[in-house]
Amino acid sequence: MHKKSIYFMALLLSLSASAKVLANTNISALKIAVVADSFSSKSIVNGSYHASINKLTRHKGKASTYNSSMNLCAAYLKVGEIKKSTKACRAAVVNAERATSNDSNASFLRALSYSNRAVSKYQNKDFVGAIADLTKAVSIDANDITDSNLRLMKKKLELNE
């Protein structure tokens, strides 16, 4: 993977109010990573989540790639499809772990896949799993997205104790 060919955008978006877990929280700044300039990314960035899901699921071969599984994960998170986001986010982690490169860009991609999966686990009320995924993400590559999500999630969980 070349750093020039893969760009990521963190969408600083509030998760859907239909997501039961987040409906009662003050946290609206969890960051979801989307692979820019890849299949369906523009639709996601523009807020056309259902159109993105349709594109990605119609092209099943594409949905098995890292880029597409990350984008499908993000789209499902945004529409509150909790079970489907879990599956897509898990696929993104698996695809990221299959990458044989150990360069900093591959580490960044792996960390982002764990971060997105943590948001999915958070929506599923798996708070222990969410913190574990974010802790792993930060250990792989501490960046603005992983650090911010871990800090926000820890803060939220401390407020609920």
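In which helix is Val93 found? In this predicted model, Val93 belongs to helix α6, which spans residues 82-98. With a relative accessible area of 4%, Val93 falls under the 20% limit and is therefore buried. Leaving aside residues up to four places away in sequence, Val93 touches Ser113, Tyr114 and Arg117. The C-alpha atoms of Val93 and Met70 lie 8.5 Å apart in space, while the two residues are separated by 23 positions in sequence.

The setting for these residues is a protein with 9 helices and 2 strands, whose elements follow one another from the N terminus in the order β-α-β-α-α-α-α-α-α-α-α. Of the 161 residues in the protein, 49% are buried. When contacts between residues at least 6 apart in sequence are considered, 61% of them join residues at least 24 apart.

Met70, introduced above by its distance to Val93, takes part in the contact between helices α5 and α7. The description of such a pair rests on two quantities, since two packed helices are described by the angle between their axes and the distance between the axes. For α5 (residues 66-79) and α7, the axes come within 10 Å and cross at roughly 25 degrees. Because angles under 35 degrees count as roughly parallel, α5 and α7 are placed in that class. The crossing in which α5 passes α7 is left-handed. On the side of α5 the contact is made by Tyr66, Met70, Cys73 and Leu77, and on the side of α7 by Leu109, Leu112, Ser113, Asn116, Val119, Ser120 and Gln123. Sorted by character, the residues of this contact comprise 7 nonpolar and 4 polar ones, with no charged residue. Ser113, one of the α7 residues in the contact with α5, is also touched by Val93.

Charged side chains of α7 appear instead in the salt bridges, of which the structure holds 2. In general, side chains of opposite charge can pair when their charged atoms come close. The side chains of Arg117 and Asp133 meet in one such bridge, at 2.6 Å from N to O. Arg117 is located in helix α7 (residues 104-123) and Asp133 in helix α8 (residues 127-140), so this pair ties together parts that are 16 residues apart in sequence. Asp133 forms a further salt bridge with Lys121, for which the closest N and O atoms are 3.3 Å apart. This pair likewise links distant parts of the chain, with Asp133 in helix α8 and Lys121 in helix α7, 12 residues apart. Arg117, Lys121 and Asp133 are thus linked in a network of salt bridges. Both Arg117 and Asp133 are buried, and the relative accessibility of Asp133 is 5%, which means that Asp133 lies under the 20% limit.

The backbone was also examined for unusual phi values. Most residues other than glycine have a negative phi, but Asp37, which is not a glycine, has a positive phi near 55 degrees. Asp37 is placed in the loop between β2 (31-36) and α2 (41-45). Its relative accessibility of 61% is over 50%, so Asp37 counts as exposed. Lys125, also a residue other than glycine, has a positive phi of about 65 degrees and is situated in the loop between α7 and α8. Because its relative accessibility is 54%, Lys125 counts as exposed.

How values were computed:
Residues are numbered from 1 along each chain as its sequence is written. This is a predicted model: local features need pLDDT of at least 70, side-chain atom pairs count only at pLDDT 80 or more; totals for chains, interfaces and linings use all residues. Side-chain values use heavy atoms; hydrogens and water are left out. A salt bridge is a side-chain nitrogen of Lys or Arg within 4 Å of a carboxyl oxygen of Asp or Glu. Helices (H or I, at least four residues) and strands (E, at least two) are DSSP runs, numbered from the N terminus. Buried means under 20% relative accessible area, exposed over 50%, partly exposed in between (1.4 Å probe, protein chains only). Axes are lines fitted to C-alpha atoms, for helices over the stretch in contact, and angles run from 0 to 180 degrees between N-to-C directions. Angles under 35 degrees count as roughly parallel, over 145 as roughly antiparallel, 65 to 115 as roughly perpendicular and the rest as oblique. A crossing is left-handed if the near helix is turned anticlockwise from the far one by less than a right angle, and right-handed if clockwise. Contact means heavy atoms within 4.5 Å. Ala, Val, Leu, Ile, Met, Phe, Trp, Tyr, Cys and Pro count as nonpolar, Asp, Glu, Lys and Arg as charged, and the others, Gly among them, as polar.
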